[in-house]
Amino acid sequence: MELSAEVQEGLQLCGDSAQISDSAFNFLLKAACNTLLHGRQRDRGVLDDPSVSQSDPSVLKQVFASLTTLFLEAAKHNADSTNTSSLLEDSKMSPDRIEAFNNVYMSNKIELQSVLSSTGSGFPHVVDVDWRLDYYMKNNHLDHVNEPTYLVTLKTEEPGSSQLKDVQFACTVEQLQDMVGKLKDACKSMEKASQS
Amino acid sequence: MEEVDNIIIHTLREIGCGLDDDVQSLKHFSTENIVEATVKCLRVIGDGVNISPALPPGMSARYRVGTQLATSCQELGFRGDIGYQTFLYSNEADIRRVLMFLIEKMPKEAAEVASEPMGKSAMLKRSIAAELDRQMKSAWTPSYCKQDGLCWRGTKPRQWHREGLIGVRRFHSCPVRTPEGVGDITKKIPKDLKRYYDKHLQPLTSQPPQSSQVVPSVVEANDLSVTAQQEWEAEWNQQGLPSRLSEEDYKARKRQRLEKRISDQLRQAIQQETSKATAGRDLLQVLSSFTDRGAGKGVTKGSRFTHTEKLQFAQDEETAAQMMGEGPRVDTEEEMQRKREEEVEQLRGQLEEVTGQLQSLDVEMKKFTAGIQQMEEKVNTEVRGRSDKEEAYKVKKRTLDLLPDAENNITKLQGVVDGSSQRLVNLAQQWEKHRVPLIQQYRELKELNANRESQSEKKLEEIKSLREKMKEVADEARGKDDVYKQLASEYERMTKDVNRGAYTKRIMEIVGNIKKQKEEIDKILIDTRDVQKEINQLTGKLDRTFAVTDELIFRDAKKDEAVRKAYKSLAALHENCEQLIKTVEETGGIMREIRDLEDQIETEGAKKTTQNLDRIMGDFKQMKQENSGIVAKLKGK
């Protein structure tokens, strides 16, 4: 896990009890974590609190930014409490504060990771399927076709939209069997991967 | 035997035998347990065993299983007496022997392979496999039951995985700003910047326009900064340090270089563009094409040419409109209009004349000013020439003055010249005096400088090597950290119920016991040897005394009847005693035999023979029944 010079500077500020009092530190920890987890309270009032009123607003902003970055980076690298404590020790933070940080971090790590996972992209995800079996009897050129045809509609989720999208196709029995075989193969290789 | 049983049971549990917790020794093993344990052991040893670990209900099938097990044990090299009865009608000692043999045969490489340290990728693969396994095992949830496509499972530790893409957004970041250097009192930050930080800069998480952009923005800002720093460091190490410039100088020079390159490129591009342009297109058009491209600015910043064009056209249109509007209104005004136009025309003509005059005057003025400059230069050169000539005149006048008294004056002049040359020599000597130490000093300083340079170079080298070392050490530390982590996880994964300490203690105790027993045996052996020796001595003594007395009495026996009697009774006594000893020895042998037999009885009793016999009888009956059933079936058919 690597942090930029600005963030490290902010963390050193954070360990300075002359700049940030204990109550302000605790408030900042919670504020940083909560704004990341529940992105709703994103107005300017994040840092309006009686416990931080004595501190310099620009110091507060820098410390807040560093703590936010540290939370995200630690969760991103799946760091455990030993990693974070050694990092904070390098920033000359007192053991009490390190413990306070680790408490907040370890209790919210999984949620932070889930928040991180919501950024990204992926292939459409099939969640549902509709199908219909038609019997294709004849067309303009042939009098006897007599083949069953499956009409399949896959409902998929796509990143960035809350609506389901349809993927429609028609196929013969053999094609459908082929597709099912492919799906089974995929399942099997997943199982194999999960056991290695 | 207890320790052996413990080890066997522990090993069996490890390879997956379903033994109950209250099974403490091999005595408690049922037939099912024995068969299962043997089959599992055989499976661990070799793959080719396809005997079911569960005992079949039918008697004949059981018999078959027993024989199969016995043959496979023999194939593995078991030398003792083994058959189906060993498994089906077990006794403790046989089973112990078989199981010990099998456990010794079990491959130990499996454990050794696992203990080898694995690479990072293997760890990653394993954790991926574990995660996949977990996700595959969890039940499917319909998409409308999940919040933001996340499946949460369990409480403490809560686990989640993403299923579907409902809550997923693409990576979209925006630049964010944070205050810098506000805590450092030594560094002053500008007042305006400080005010901006205090009053107007928003907290980090409020800066991105959407809440979903907070995370990407923060991550990107950090990564950008880190990579920029790393690149700068790499560049500084590779190019900056050897150039021996300070950081600021190096940066300034780099900027200059870049700016120069950019301007060169631009110039080249413009040249190419102009050379390509056809005769009709001039630079203005190129420029206007540039300005047209910059959409917003192009409109306001058109070239002057386009401006005038526009204005002219606009005027024409206006006048045209005026004419159109005024034409049909008043006829008499047409004349006035014409007059006015004429007047305007006249005035314009005048104006043009005047401007023409003005321009010609301007040109003349310029000419005149140029003339003035020329004249001034001329005057200057003349003045200079005059002063030169005056100098020459003065010298000539002096020589002319001196001419009448030529010889005197020549000697005087000679003297003056000599004096001045003397002075010159003096001055040269003085200069030399001054010069030598100065040159020396200069040389010394030069040397010093060179030394310093070489020193600084050395130091540079040192710094470089130190940096490399630092990197190496950091890499090493990282590698060791990785190995440590790996080993720690390996250690966690390892089963900890193998209490090696207890085992070794037991083994040591056993060894101690055996030593003690050996000592005791040695003692007893010595005792018996002593006793044997005593016995031998005594028999020897007896023989000797008997022989002596026999001789003595035999010699007297010929003469005396009483002595003959005594001799006879002595012989009888001797014989009787011998018999007695023999009997005692025989009793000893019998006693030993009895003990042996008792032991045998005990072992036989331990073999549960009666029980096994009962079971054999039961099984026999069952088999008979089965046979009769089969026969009945056959007949029924």
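**Chain B, the A–B contact and a helix pair**

Modeller: In this predicted model, chain B has 637 residues, and buried residues make up 9% of them.

Biologist: OK. How many helices and strands are in chain B?

Modeller: Chain B has 18 helices and 2 strands.

Biologist: And the contacts inside chain B, what share join residues at least 24 apart?

Modeller: The share is 44%, counted among contacts in chain B between residues at least 6 apart in sequence.

Biologist: Switching to the two chains together. How many residues of each are in contact?

Modeller: On chain A there are 53 residues in contact with 43 residues of chain B.

Biologist: Which elements of chain A supply at least two residues each to that side?

Modeller: They are α1 (5-14), α3 (57-76), α5 (95-117), β1 (125-136) and α6 (173-195).

Biologist: Which one gives the most?

Modeller: α3(A), with 12 residues.

Biologist: How does that side of chain A divide into nonpolar, polar and charged?

Modeller: The side of chain A that touches chain B has 18 nonpolar, 21 polar and 14 charged residues.

Biologist: New topic: at what angle do α4(A) and α5(A) pack?

Modeller: α4(A), residues 81-90, packs against α5(A) at about 145°, and the axes are 10 Å apart. The crossing is right-handed.

Biologist: Which residues make the contact?

Modeller: From α4(A) they are S81(A), T84(A), S85(A), L88(A) and E89(A). From α5(A) they are I98(A), F101(A), N102(A), Y105(A) and M106(A).

Biologist: And how do those residues divide?

Modeller: The contact of α4(A) with α5(A) has 5 nonpolar residues, 4 polar and 1 charged.

Conventions:
Residues numbered from 1 in each chain as written. Chains lettered and ligands numbered in written order. Predicted model: local features only at pLDDT ≥ 70, side-chain atom pairs only at ≥ 80, totals over all residues. Contact = placed C-beta atoms within 7 Å. Helix = DSSP H or I, 4+ residues; strand = E, 2+ residues; numbered from the N terminus. Nonpolar A, V, L, I, M, F, W, Y, C, P; charged D, E, K, R; others polar. Axes fitted to C-alpha atoms, helices over the stretch in contact; angles between N-to-C directions. Left-handed = near helix turned anticlockwise from the far one by under 90°. Buried ≥ 20, exposed ≤ 12 C-beta atoms within 10 Å, placed from the backbone.
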